[in-house]
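Visitor: I'm new to reading structures, and I'd love to take a slow, close look at just one part of this one. Could you guide me through it?

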Amino acid sequence: MSQQPNMYRTNEYFYDFMERLHSSGAAKDHVSLKAYRQGDYLLQQNSPLARVLIIREGIAKCIINEENGKDFILAFLGTGQLLGELEVLRNTRCLNNVQALTSLVAYAVSVPYFRHIVETDKAFNAMLLQELANRLAITSTRASLQQLYTVEHGLRNLLRLLQQQHMTLSKEDMAAYLGITVRSLNRALKTIGEE
């Protein structure tokens with residue numbers, strides 16, 4: 001699993017696990033590859049979960065659409081990231097939208113088979129718990145930083161990460177990631193530019 005600062009989360013363990021499972025053919029009736037174009041939705045908030053996805057290649061954004069119509073980007077997800085596992089564990093509809101930022105290929109795992117893996121594979125289960133704990137730690141750290149530091153501070157960090165990862169985002173996505181309006185983002189960009 002990648003520990004260096006990264007704009008998007010990855011998980012080499014889940015990637016390797018799915019590569020081995022798919023290439024062995026042992027789960028051919030339960031695991032397939034699914035391709036998505038940039039802009040396609042992999043999951044849609046409040047919809048029933050059709051399958052658990054593990055990103056093989058590409059980048060997606062995980063978005064919560066709030067009741068006021070505004071979006072908040074929770075995370076950017078890359079190779080090895082699981083999508084839909086919380087819904088399976090909680091037996092609920094999709095908690096958020098997941099949209100492809102780039103063309104993307106994912107392993108599509110049937111829900112019953114994913115439950116079977118969770119119930120029978122202790123190593124997989126341990127890594128799933130580790131991944132969920134990592135997400136909680138990252139999310140709580142990010143929330144505290146957004147509350148304790150200025151928008152300009154968060155924007156500088158975001159711009160630095162985007163540059164390091166050779167990524168670009170629209171102003172709308174940058175604002176949604178920072179939890180601010182595009183207008184506030186423009187003010188912060190102007191302030192940073194004047195420094």
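Which residues of strand β8 lie on one side and which on the other, and are they buried or exposed?

Guide: Happy to! Please keep in mind that this is a predicted model, where local features need pLDDT of at least 70, side-chain atom pairs count only at pLDDT 80 or more, and totals for chains, interfaces and linings use all residues. Residues are numbered from 1 along each chain as its sequence is written, and side-chain values use heavy atoms, leaving out hydrogens and water.

Now find residues 104–109, which make up β8 (a strand is a DSSP run of E, at least two residues, numbered from the N terminus). Look at one side of β8 and you meet L104, A106 and A108. Turn to the other side and you find V105, Y107 and V109. Every one of these residues is buried, which leaves both faces of β8 covered (buried means under 20% relative accessible area, with a 1.4 Å probe and protein chains only). Counted along the strand, that is 6 of its 6 residues. As a rule, side chains in a regular strand alternate between the two faces of the sheet.

Next, see what β8 pairs with (two strands pair if DSSP finds at least two bridges between them). One partner is β1, residues 31–36, which runs antiparallel to β8 and is joined to it by 6 bridges. Within that pairing, A35 has V105 of β8 as its bridge partner. Another partner is β3, residues 52–57, also paired with β8 in the antiparallel sense, over 5 bridges. Here I54 is matched with Y107 of β8. V105 and Y107, the two bridge partners just named, are both on the side of β8 that also holds V109.

Methods:
Buried means under 20% relative accessible area, exposed over 50%, partly exposed in between (1.4 Å probe, protein chains only). Helices (H or I, at least four residues) and strands (E, at least two) are DSSP runs, numbered from the N terminus.
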